[in-house]
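Colleague: I have a model open and would like to go through it with you. Could you take me through the essentials?
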Amino acid sequence: MGMVSFISTVPSLVSLVPSPSTSAPRYIHSSTINCKTEAEYDHEDRFSRRRVLHCFGATIGIDLVARSSSLIEVANAADLIQRRQRSEFQSKIKDVFFTAIKGNQNLIPSILTLALNDAVTYDKATKSGGPNGSIRFSSEISRPENKNLAAALSLLEDAKKEIDSSSKGGPISYADLIQFAAQSAVKSTFLASAIRKCGGNEEKGSLLYTAYGSTGQWALFDKQFGRSDAEGPDPEGRVPQWEKSSVQEMKNKFSALGFGPRQLAVLSAFLGPDQSATEALLASDPEVFPWVQKYQRSRETVSQTDYEVDLITTLTKLSSLGQQINYEAYTYPREKVDFSKLKL
């Protein structure tokens, strides 16, 4: 088997309106709002009803603004807490995958194809399929196009058990699991490439990748975290057998997903176990050839920036096809402190 080479909340108005006083003052004065502009008293030396309502409404308005500012601060704080929880959970996921993939380098091509095949079931016309974890079902993983991917799925299921065992916000969805496994596999190959360029020195290679690599390009991918799982397998016939497909068949499939020759070329390592053989086939097509050539040259550079950035961008789009991301997934209520147990 060839190795991969690149790789909101608004308060009720009723609760904010002050209760009417039993001894309301005859005149209303405010250091902030000047309601009196000219002779607006009636014959009984009182405010006109219109001016009273105007002042009352303005006063409530200011109170609403003040209270909304406080509510916004609370909402922002809650949002920051949720983001931190999701970030911590992602760190755990990435740590688990780093260890799992490091010990199973031979499964990297299969992990990438697993993620691709789970995602390309997306159908624009029916808005169905996509990266929804449906490939986990035995009736789907056993299809011809998913041949030899069972071992990769098994590795991910073992990783899921470890991830779920320490999760405070519920189990990770298979949809997220599979796409984040692909991210980790891609990062692993990027790092391996940097190490090779440093003569096999892991310390220097890690430093090279940190300094010149694409680690900062993953922000949008990391944000798309909260995919939902399908409740059953996706329909058959939506995924080509990549190793038996012609370049035109691949182009047609990618076009149906909103991708072109450029994306096809940059995902060459996802299309089978032997990236070199896949690229040789893709290069036979005049539309895909320039992109294959471009990425091959990029991988020879120190930073391989063009290749890495385009791959990350494409994988990010691929991994969210048709998905409605739940940005509150994996968050949980903070533990309340029982002050009665404190000994002061």
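Modeller: What follows covers confidence, overall make-up and one helix pair.

Modeller: This is a predicted model, in which local features need pLDDT of at least 70 and side-chain atom pairs count only at pLDDT 80 or more, while totals for chains, interfaces and linings use all residues. Residues are numbered from 1 along each chain as its sequence is written, and side-chain values use heavy atoms, with hydrogens and water left out.

Colleague: What is the mean pLDDT of the protein?

Modeller: The mean is 85, and 74% of the residues reach 70 or more; pLDDT is the predictor's confidence in each residue, from 0 to 100. Over residues 7–47 the pLDDT is below 50, and this stretch has 39 contacts in the model beyond near neighbours in sequence (contact means heavy atoms within 4.5 Å). Where pLDDT is low, the predicted coordinates should not be read in detail.

Colleague: How many helices and strands does the protein have?

Modeller: There are 13 helices and 0 strands, taken as DSSP runs numbered from the N terminus (helices H or I, at least four residues; strands E, at least two).

Colleague: At what angle do H6 and H13 pack?

Modeller: Helix H6 (residues 174–197) and helix H13 (residues 305–318) pack at about 175°, with axes 12 Å apart. Axes are lines fitted to C-alpha atoms, for helices over the stretch in contact, and angles run from 0 to 180 degrees between N-to-C directions. H6 is therefore roughly antiparallel to H13 (over 145 degrees).

Colleague: Which residues make the contact?

Modeller: H6 contributes Gln179, Ala182, Gln183, Val186 and Phe190, and H13 contributes Tyr307, Glu308, Leu311, Ile312 and Leu315.

Conventions
Parallel < 35°, antiparallel > 145°, perpendicular 65-115°, else oblique.
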